[in-house]
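Got the model open in your viewer? Keep the selection box handy, and we'll go from stop to stop.

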Amino acid sequence: MKDKRITELLGIKFPIFQGAMTGVSDHRLAGAVSSAGGLGIIASSGLSAEELRAEIRAVRRMTSQPFAVNLMLMLKNCQELVEVIIEEKVPIITTGAGSPKKLMPLLKAAGIIVIPVIPSASIAKKMAAVGCDAVIVEGAESGGHIGKVSTLVLVQAALQAVTIPIIAAGGIATRAGVTGMIASGAAGVQCGTIFLASDECPISDSYKQKIVEANEVDTVVLGTAYNRPLRVLANYMTEQYFEREENNELPEELKSWVDQAFRAIETGDSDNGAMLAGQSVGLIHEIMSVESILNSLYDN
């Protein structure tokens, strides 16, 4: 029997979240996912309060379906973003980079559903204790910033720790992957990498082509030298990064260089840019519409 807790809680057709990828998950992608029946999520990192307001309103012009905003709690303008989220009556937020504990009274008073992204079962317990509605457990297979535990183990550990719905994230890009996670007890899944290979995703064509050409061993983890492990596609930039790391370049210099590489990918430079991607990249072989991706992942 299918677990309908998350679809009923959020009012969505598919128990599938679109990951909030910084610099990627804007209204074009989030609006398309929500329109097609998943949960589209706007990435607020890097946005001013008014830029976030514009993104929220742009999604609403695209669809009347539920959507979410991802809030990185360590952002300097976090409080300003929270105010916009409340003013614009955003129904759902996902959170990362910290605990939403201090914000919970304010968010709950506004009727907002709160779903943190977490890397361990012990943190899942803390999030349940402060009143979060569900948790996204993100395994090390994911693209972007990652923890240390694989998705399969993390989901099972979280299920033993909490009774709130578990959303599995990391390494999921096929119907078999979705089915397996739900069979293991997850109420839904979050996918990021597969949505990079969508018609509606606002990345360069060269980036999308790299996604469909890559296999499961074509990602690497940067940032361990400054305690911010980050999974990206291997390319000339990552080769240069590891050379710098071997030469004992200072952590702050390495971080600055990776930040510059993120800006490079915005110009479509797939050799020198940092391209977020998880290990599921090896399961993705074509560029499709968001609607086709959702239908390929789940039999509703």
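Start by selecting valine 33: leaving out residues up to four places away in sequence, it touches Gln18, Gly38, Leu39, Gly40, Phe195, Val290 and Leu294, where contact means heavy atoms within 4.5 Å. Before you click on, a word on what you're looking at: this is a predicted model, in which local features need pLDDT of at least 70 and side-chain atom pairs count only at pLDDT 80 or more, while totals for chains, interfaces and linings use all residues. Residues are numbered from 1 along each chain as its sequence is written, and side-chain values use heavy atoms, with hydrogens and water left out.

**Stop 1: around valine 33**

Valine 33 sits in helix α2 (residues 27-35); helices (H or I, at least four residues) and strands (E, at least two) are DSSP runs, numbered from the N terminus. Is valine 33 buried or exposed? It's buried, with a relative accessible area of 0%. For that label, buried means under 20% relative accessible area, exposed means over 50%, and partly exposed is in between (1.4 Å probe, protein chains only). Now add glutamate 200 to the selection: it is 167 residues from valine 33 along the chain, yet their C-alpha atoms are separated by 9.1 Å.

**Stop 2: helix α13**

Two of the contacts of valine 33 were Val290 and Leu294, so select helix α13 (residues 290-297), where Val290, Ile293, Leu294 and Leu297 are buried. Look down the axis of α13: its buried residues fall within an arc of 95°, so they line one face of the helix. The arc is that of the directions from the helix axis to the C-beta atoms. In general, an α-helix has 3.6 residues a turn, so residues three or four places apart point the same way. What covers the buried residues of α13? The cover includes β1, α2, α8 (175-183), β9 (188-191) and α9 (193-196).

**Stop 3: α2 against α3**

Go back to α2 and show α3 with it. The two pack at an angle of about 35°, with their axes 9 Å apart. Here, axes are lines fitted to C-alpha atoms, for helices over the stretch in contact, and angles run from 0 to 180 degrees between N-to-C directions. α2 passes α3 in a right-handed crossing; a crossing is right-handed if the near helix is turned clockwise from the far one by less than a right angle, and left-handed if anticlockwise. Turn on side chains for His27, Arg28, Ala30, Gly31, Ala32 and Ser35 in α2, which meet Glu55, Ala58, Val59 and Met62 in α3. That contact divides into five nonpolar, three polar and two charged residues. In this split, Ala, Val, Leu, Ile, Met, Phe, Trp, Tyr, Cys and Pro count as nonpolar, Asp, Glu, Lys and Arg as charged, and the others, Gly among them, as polar.

**Stop 4: α3 against α4**

Keep α3 (residues 49-62) and add helix α4 (residues 78-87): they pack at an angle of about 30°, with their axes 9 Å apart. That makes α3 roughly parallel to α4, since angles under 35 degrees count as roughly parallel, over 145 as roughly antiparallel, 65 to 115 as roughly perpendicular and the rest as oblique. α3 passes α4 in a right-handed crossing. Select Ala49, Leu52, Arg53 and Ile56 of α3, then Glu80, Leu81, Val84, Ile85 and Glu87 of α4, to see the contact. What's in the mix of residues here? Six are nonpolar, none polar and three charged.

**Stop 5: strand β4 and its flanking loops**

One of those α4 residues, Ile85, also touches isoleucine 93, in strand β4 (residues 92-96). Isoleucine 93 is buried at 0% relative accessibility. Leaving aside neighbours within four places in sequence, its other contacts are Val69, Leu107, Ile112, Ile113, Val114 and Ile115.

Next, pick lysine 89, in the loop between α4 and β4. Its phi is near 55°, a positive value in a residue other than glycine. Most residues other than glycine have a negative phi. Lysine 89 counts as exposed, at 65% relative accessibility.

Then try alanine 97, in the loop between β4 and α5 (104-109). Alanine 97 also isn't a glycine, and has a positive phi of about 60°. At 28% relative accessibility, alanine 97 counts as partly exposed.

**Last stop: glycine 11**

Finish in the loop between α1 (5-10) and β1 (16-18), where you'll find glycine 11. Glycine 11 is partly exposed, with a relative accessible area of 42%. Not counting residues up to four places away in sequence, glycine 11 touches Gln65 and Pro66.
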